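User: I'm a first-year student and I've just opened this model. Could you pick one small part, look at it closely, and then lead me on from there?

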Amino acid sequence: MKLGLLIDLDTCVGCHACATACKEWNASSSVSGPLSDYQPFGAEPSGVWLNRVRHYEVGDYPASKTINFPMSCLHCADADCVSVCPTGASYKRADGIVLVDQDKCMGCNLCAWACPYGARELDEASGTMKKCTLCVDRIYDELLPPEDRQPACVLACPTHARMFGDFDDPESEVSRVTAERGGFGLLPELGYAPVNRYLPPREPKALPGVDDARALLERGLASLASPAIRR
Amino acid sequence: RPGTDGLLALAIVHVLLKRGAVDWEFLIRYTNAPWLVVQTPGVSGDGLFARDDQDNPLVWDQDAQAFANGHLPDIAPALLASVELPDGRRAKTVFSLLSERYLDERYAPESVAAECGIAAATINRIAHEIAHVAFNEAVELPIRWTDMHGRTHDKVIGRPVAMHAMRGVSAHSNGFQTCRALHLLQMLLGALEGPGNFRARAPYPRRIPMRTLPENDPKVIFAPDTPLKRMPNGNPTRPEDLVIDKDGKPLRIDRAYSWESPLAAHGLMHMVITNAANHDPYPIDTLLLFMANMAWNSSMNTGDVREMLARTAAHGEYAIPFVVVVDAFQSETVSFADLVLPDTTYLERYDAISLLDRPISEPDAAADSIRHPILKPDRDVRPWQDVLVELASRLKFPAFTREDGSRKFSDYRDFIVNYEKLPGIGFLAGWRGKEGESHLRGEPNPKQWEKYIEHQSFFSYPWPENMRYYRFANKDYLEFAEKHALFGTPPVQVILQIYSEPLQKFRLAGQGLYDGPQPPSATDRERLATYFDPLPFWYEPLESRARSHEAYPFHAITQRPMMMYHSWDSQNVWLRQIVAQNYLYMNRGTARKLGLADLDWVWVTSRHARIRCQLKTMEGCEANTVWTWNAIGRQAGTAGLGAEAPEATAGFLLNHLISELLPKHASDERRLTNSDPVTGQAAWFDLRVSIRKCPPGETGVWPTVAPAMRIPGDDGVRPAILRWTSKSPR
Amino acid sequence: MKPALSIVFFTVASGAGLGLLALLALADLCPVPLLSPAVLPRGIVLALLLVAAGLASSVLHLAKPSNAWRSFARLRTSWLSREAVLAALLFPLAFFYLLVVSFGAAGVRRAVSAIVICLLAWGLLLCTAMIYASLKPIRQWRTAWTPAAYLLLGHWSGALVLLVLAIGYGGEPRIWAWLAAALGVAALVAKLGYWRHGAADRRGKSVLTLEQAIGVPQGVRPPGVSVAQARLFDAGHTQRTFLTDEFIFRLARRHAQALRGAALVLGFVIPLIWLVAGPRHWAAALAVAVLALAGLLAERWLFFADARHTVRLYHGDART
Ligand SMILES: Nc1nc2c(c(=O)[nH]1)N[C@H]1C(S)=C(S)[C@@H](COP(=O)(O)OP(=O)(O)OC[C@H]3O[C@@H](n4cnc5c(=O)[nH]c(N)nc54)[C@H](O)[C@@H]3O)O[C@H]1N2
Ligand SMILES: Nc1nc2c(c(=O)[nH]1)N[C@H]1C(S)=C(S)[C@@H](COP(=O)(O)OP(=O)(O)OC[C@H]3O[C@@H](n4cnc5c(=O)[nH]c(N)nc54)[C@H](O)[C@@H]3O)O[C@H]1N2
Ligand code: SF4
Ligand code: SF4
Ligand code: SF4
Ligand code: SF4
Ligand code: SF4
Ligand SMILES: [Mo]
């Protein structure tokens with residue numbers, strides 16, 4: 001199994017709802033919560049997030065495009081963050097989820113250094129490493145209705161730009177959509193084999209040029225142009 | 001370019017008309033395009049619809065070659081016609097008038113390109129793409145529905161084009177006519193209320209014109225201990241409906257429904273403090289502010305508004321003697337209150353998001369929702385709704401008092417369940433009737449709240465397929481809607497108004513041709529004659545015209561940060577980790593030309609004031625426009641923020657630059673509100689500014705406001721670390 | 001990378017200590033006596049003190065030291081785990097060696113323990129170096145120059161400390177001077193090699209770009225545009241975060257140059273000149289050793305400050 005997230009950069013509007021829903025769920029999750037906030041009302045408000053949304057611009061005005069880019073742990077298949085961890089606190093499960101055992105972590109930061117994607121954040125208060133849990137305490141929870149056995153971020157996304165599933169199963173929706181739309185993984189050069197996939201923006205559907213449209217229109221409108229239309 | 005959407009839309013209309021890319025059937029069946037308009041320039045009655053003696057609009061029936069009642073089915077009304085009416089007056093169809101106007105070269109892509117900042121070829125392309133999708137990629141659903149004439153149709157046609165105008169349009173002083181232009185565009189395409197179109201959501205569609213008139217009878221308004229007979233807000237349809245005294249002076253402190261802002265259906269919040277402080281139209285003794293941060297992000301001209309709230313008049317009294325603020329947090333406005341009524345937060349009270357107000361309906365379902373307390377208040381606060389019910393009961397308002405004088409409702413919770421606007425119609429539409437058996441209409445259900453809570457606080461009434469489309473002419477829907485008070489009586493087809501007669505009536509008043517009230521002021525007459533055009537048109541936003549573009553070359557606008565709600569969230573512990581300060585964003589190329597770079601401090605100057613803030617450059621911003629996030633800047637000490645909070649030390653408000661009053665024109669008799677002249681909608685986005693790099697060493701935001709005083713019970717101590725959890729912390 | 005002083009001090013101090021320990025053990029193994037008997041035990045103690053001080057400061061770096069004992073768990077994959085285990089072994093064995101040495105016992109047992117200690121010291125130096133050299137996100141570190149530099153710098157600084165003792169307790173320091181000089185030159189070569197590699201790498205084609213990081217080549221770009229430059233618009237936070245603190249350390253070019261200068265002059269030039277001039281007095285030796293260690297602190301601080309983690313791409317750096 002390779003459980004992970006599929007994120008659609010075409011429809012993501014960068015609203016941060018996934019990030020806040022993530023913080024909300026995991027703050028109270030026994031897997032990684034709480035997620036500390038520092039100087040909550042002060043000069044340097046900061047804290048632990050397991051999912052952050054960044055915003056980029058690609059290309060020069062006027063041919064430029066805004067790209068909203070949510071990032072959380074990509075649950076890499078070859079995750080150095082796990083192999084470098086001396087305490088065994090970082091581990092990868094059979095279903096592909098990479099987790100940190102909060103009871104074992106000694107807060108050495110080495111795993112964070114080993115993660116190319118900035119997916120791990122040290123909790124200054126607990127002294128332990130925090131990261132995306134893929135909402136392991138939701139997706140298997142038999143007490144939740146089946147449609148709710150999904151990561152908090154996926155359920156929160158107002159544009160349905162996030163999908164959750166098993167990338168090992170070629171039949172799964174995430175696998176199919178990834179194949180259809182050329183989903184890609186981040187920085188394959190580094191050899192971490194990240195599981196999460198990102199969908200590039202769709203190329204807009206080519207519409208007929210003004211002249212063809214004109215021709216087409218004449219036809220399309222013919223149906224309407226009866227001499228006297230009755231109410 | 002900001003403020004030019006109307007021009008763009010009308011240029012597209014120009015192209016569509018030239019192409020004949022128009023849904024003739026739709027226009028004839030569902031709009032007033034074939035209606036005849038009287039053409040007697042300079043004579044009263046000019047521009048009104050030609051009507052028969054039953055007051056039905058007249059059309060020219062091509063079958064009978066005679067005038068006919070435009071409401072009748074199966075006639076063949078002429079779209080293009082210029083005729084002589086039985087009474088000898090000339091008349092033209094609405095469609096003839098609109099063709100004449102929009103086929104004019106004024107609206108050709110070539111002539112608007114410069115003003116819109118969009119190449120003519122691009123406008124042309126967009127117009128053709130829209131037409132192509134509307135007519136060549138139309139969708140048909142096999143859904144049977146019946147029109148108001150009882151004719152059953154076996155399919156619905158969708159022309160998958162939809163347009164949504166929000167404040168990007170309405171926050172410009174030409175917003176109303178721009179919205180109408182966009183509406184016109186969709187009507188010409190027959191792209192309304194079909195699959196893939198902009199579709200009404202209950203309680204809409206409503207009758208046109210709406211029948212909800214604002215209370216305007218001084219005898220009623222000023223009679224002591226007498227409730228209004230109508231709502232204070234509504235939709236005037238003619239000068240008689242304005243809320244003015246016999247001399248034509250506004251009766252409302254915000255001057256809504258006056259000659260200056262006749263169709264101000266939302267009121268003019270942004271004018272209240274200025275008017276009250278200037279005792280114009282009259283002084284008031286108490287100003288009660290609820291859930292609005294009027295001393296900060298909710299006002300234009302924030303600096304002066306704060307001065308007005310504290311201003312003392314000649315006799316040493318405050319210009320606004322008594323200010324009551326109802327807020328759940330220590331907002332910037334709280335500091336100005338003589339009396340603070342601390343409200344609960346939404347987690348600590350009952351709320352109803354009702355079909356009688358602005359519900360959460362979807363096109364395919366009528367819906368409303370509630371909130372209910374999930375936390376017990378841990379401090380001395382009251383739900384404002386309960387306070388209102390309490391006041392109304394103690395003052396023995398009729399609606400809140402039984403014949404025997406005893407109170408009708410114990411509290412808000414009780415009020416929401418048991419108040420009936422009409423028999424069977426209350427605030428909440430779900431689970432009505434003794435046992436919660438009937439929806440939308442039914443007698444009060446004592447267990448209604450419980451039902452909502454059982455259903456996750458939502459009620460939704462999905463429309464059956466046959467009621468989902470063309471609701472303005474859908475018999476089954478309209479008859480159902482009437483029975484459930486979602487539509488007036490009797491149910492009639494709603495004819496979409498390409499040409500607006502109510503606007504023309506106000507315009508006639510401006511031209512001195514209206515048999516009825518006329519504005520005493522030349523300024524108002526001129527405005528009515530200009531802006532109350534019955535057909536959509538475009539004019540440059542008032543602020544832009546008021547000042548030369550050279551002096552203030554940039555449009556300056558705000559945008560809502562998706563993760564925050566106004567000043568209401570900018571202190572939220574998690575959200576301020578995302579945005580704790582704002583920047584002024586400028587197109588990178590423009591910045592380079594001006595020798596500006598990221599993080600430069602700049603002076604931003606409008607005709608009214610100036611601010612200093614920090615600049616960031618970007619690609620995705622129109623070259624002559626700068627923008628920033630709305631309401632990120634806060635006063636230190638408010639909403640629990642420390643004195644060093646970036647919201648206060650680095651964040652800023654654009655509002656300081658926006659004047660609530662337009663500069664006085666030679667022709668103006670007085671300074672006019674900085675709003676849409678038709679609706680009084682605040683022109684937040686008309687702002688124009690110049691931008692200059694600060695001299696070296698000149699940094700920091702300006703103006704700054706001293707930290708707010710600490711409210712009683714606040715020791716000023718804030719935690720260094722927060723660790724929220726519902727589990728035992730590790 | 002953020003140059004955490006605890007780590008900078010740890011690597012320099014324990015590096016010197018381990019280098020010293022290895023040299024002592026080697027000297028002890030050498031058939032011809034190179035040191036007066038007084039030096040060896042004192043040297044071992046001093047070495048252990050340096051290593052202990054380093055380790056102590058590295059434990060300070062942990063956010064949750066109470067779990068430090070768990071760090072033996074991942075011997076198979078984690079260099080940090082290996083370092084922990086070797087460090088844990090070092091002290092008991094070194095004490096044993098100290099006893100053997102102190103009671104002047106000669107023979108196999110002494111030889112074996114000397115060999116063991118020497119290998120342990122080398123192993124530890126290697127582990128420390130590999131912790132960094134194995135991190136894929138930081139290409140500057142992923143080179144053989146990193147372990148080479150750590151090993152040689154450890155011995156170089158160790159040799160300078162040893163020289164203090166050698167002179168101080170009488171004996172024949174000249175060999176040690178030349179040996180130290182040789183190590184110094186080697187270490188200098190290793191460090192210059194590391195720096196050259198870093199500079200070359202930044203120009204090289206293995207460099208990663210912001211465009212690669214967000215998938216511009218895979219189609220994350222405006223329609224109809226094939227190549228496009230990407231820029232950060234907003235990082236999603238206006239104040240600091242753990243990531244900006246830990247990975248986004250910005251070092252002005254001139255400061256970097258100045259520090260390199262200091263590292264070279266203090267850490268290599270002065271000590272080497274002094275060595276060639278022929279060392280006389282133990283106090284001078286001490287002064288030189290201290291200067292050299294200060295130079296190496298600057299060198300180590302730069303080792304971190306100069307390193308560019310791939311996370312910087314996502315925060316707007318055009319290239320690593
Ligand atoms: N997250 C969040 N949601 C909110 C709110 C909030 O504060 N935060 N506030 C709620 C309220 S009270 C309201 S009124 C609504 C307002 O909702 P919106 O209408 O979306 O309000 P804005 O985001 O201020 O403006 C929308 C866009 O209009 C653009 N714009 C400015 N001038 C023009 C123009 O001339 N033409 C065009 N086409 N665009 C233009 C701005 O750049 C901006 O991107 O949002 C509601 N929802
Ligand atoms: N420059 C610029 N200015 C603008 C706009 C713009 O686009 N640009 N948009 C304008 C628009 S459309 C709007 S609607 C206004 C919105 O502006 P406001 O209506 O002022 O919105 P907020 O500041 O979010 O909320 C008002 C007050 O409600 C308080 N509050 C929060 N929860 C509760 C509660 O449960 N009970 C009570 N009693 N109070 C509560 C908050 O503390 C705050 O003081 O801003 C306007 N101002
Ligand atoms: S994204 Fe980072 S933390 Fe997550 S598995 Fe990959 S390397 Fe580890
Ligand atoms: S910080 Fe915790 S999880 Fe990460 S490597 Fe160190 S011990 Fe392992
Ligand atoms: S899967 Fe869960 S933990 Fe991971 S980002 Fe989404 S919400 Fe956060
Ligand atoms: S919630 Fe969805 S749309 Fe919003 S930022 Fe996250 S992924 Fe993008
Ligand atoms: S966007 Fe957020 S605040 Fe607005 S309605 Fe949806 S959930 Fe509520
Ligand atoms: Mo609003």
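Analyst: Let's begin with Pro62(A), which sits in the loop between strand 4 (51–58) and strand 5 (65–72) of chain A. Helices (H or I, at least four residues) and strands (E, at least two) are DSSP runs, numbered from the N terminus. Before going on, some housekeeping: the model is predicted, so local features need pLDDT of at least 70 and side-chain atom pairs count only at pLDDT 80 or more, while totals for chains, interfaces and linings use all residues. Residues are numbered from 1 along each chain as its sequence is written, chains are lettered from A and ligands numbered from 1 in the order written, and side-chain values use heavy atoms, with hydrogens and water left out.

Back to our proline: the peptide bond leading from Tyr61(A) into Pro62(A) is cis, with omega near 0°. Chain B has a cis bond too, this one joining Ala202(B) and Pro203(B), with omega about 10°. Pro203(B) is also in a loop, between helix 7 and helix 8 (218–222) of chain B.

While we're on backbone angles, look at Tyr257(B), whose phi is near 60°, a positive value in a residue that isn't glycine. You'll find Tyr257(B) in the loop between helix 8 and helix 9 of chain B. With a relative accessible area of 0%, Tyr257(B) is buried (buried is under 20%, exposed over 50% and partly exposed in between, using a 1.4 Å probe and protein chains only). Leu599(B) has a positive phi as well, near 70°, and its loop runs between helix 19 (588–593) and strand 18 (601–605) of chain B. Leu599(B) is partly exposed, at 44% relative accessibility.

Helix 7 of chain B came up a moment ago, and residues 175–188 make it up, Ala181(B) among them. Ala181(B) is buried, with a relative accessible area of 0%. Skipping residues up to four places away in sequence, Ala181(B) touches Gly6(B), Ala9(B), Leu10(B) and Pro536(B); contact here means heavy atoms within 4.5 Å. Its C-alpha atom is 39 Å from that of Pro423(B), 242 residues apart along the chain.

Arg89(B) makes a nice next stop, in the loop between strand 4 (82–84) and strand 5 (90–93) of chain B. At 31% relative accessibility, Arg89(B) is partly exposed. Thr40(B) is 49 residues apart from Arg89(B) along the chain, yet their C-alpha atoms are separated by 7.0 Å. Leaving aside neighbours within four places in sequence, Arg89(B) contacts Val38(B), Thr40(B), Val83(B) and Glu84(B).

Now for some helix packing. Two packed helices are described by the angle between their axes and the distance between the axes. Axes are lines fitted to C-alpha atoms, for helices over the stretch in contact, with angles from 0 to 180 degrees between N-to-C directions. In chain B, the axes of helix 9 (residues 269–277) and helix 10 (residues 302–310) come within 9 Å and cross at roughly 45°. That makes helix 9 of chain B oblique to helix 10 of chain B (under 35 degrees is roughly parallel, over 145 roughly antiparallel, 65 to 115 roughly perpendicular, and the rest oblique). Ile273(B), Thr274(B) and Ala277(B) of helix 9 meet Val305(B), Met308(B) and Leu309(B) of helix 10. The residues of this contact split into five nonpolar, one polar and no charged. Here Ala, Val, Leu, Ile, Met, Phe, Trp, Tyr, Cys and Pro count as nonpolar, Asp, Glu, Lys and Arg as charged, and the others, Gly among them, as polar.

Over in chain C, helix 4 (residues 108–133) and helix 5 (residues 145–168) have axes that come within 8 Å and cross at roughly 140°. These two helices of chain C are therefore oblique to each other. Among the residues that meet are Trp122(C) and Leu125(C) from helix 4, and Tyr150(C) and His155(C) from helix 5. This contact divides into ten nonpolar, four polar and no charged residues.

Last stop: the ligands beside chain A. A residue is near a molecule if one of its heavy atoms lies within 4 Å of it; the cut-off is identical for a strand. Ligand 3 has 13 residues around it, of which Cys73(A), Cys76(A), Cys81(A), Cys115(A) and Arg120(A) come nearest. Its shell holds ten nonpolar, one polar and two charged residues. Around ligand 4 you'll meet, among others, Cys85(A), Cys105(A), Cys108(A) and Cys111(A). That shell has eight nonpolar, four polar and no charged residues.
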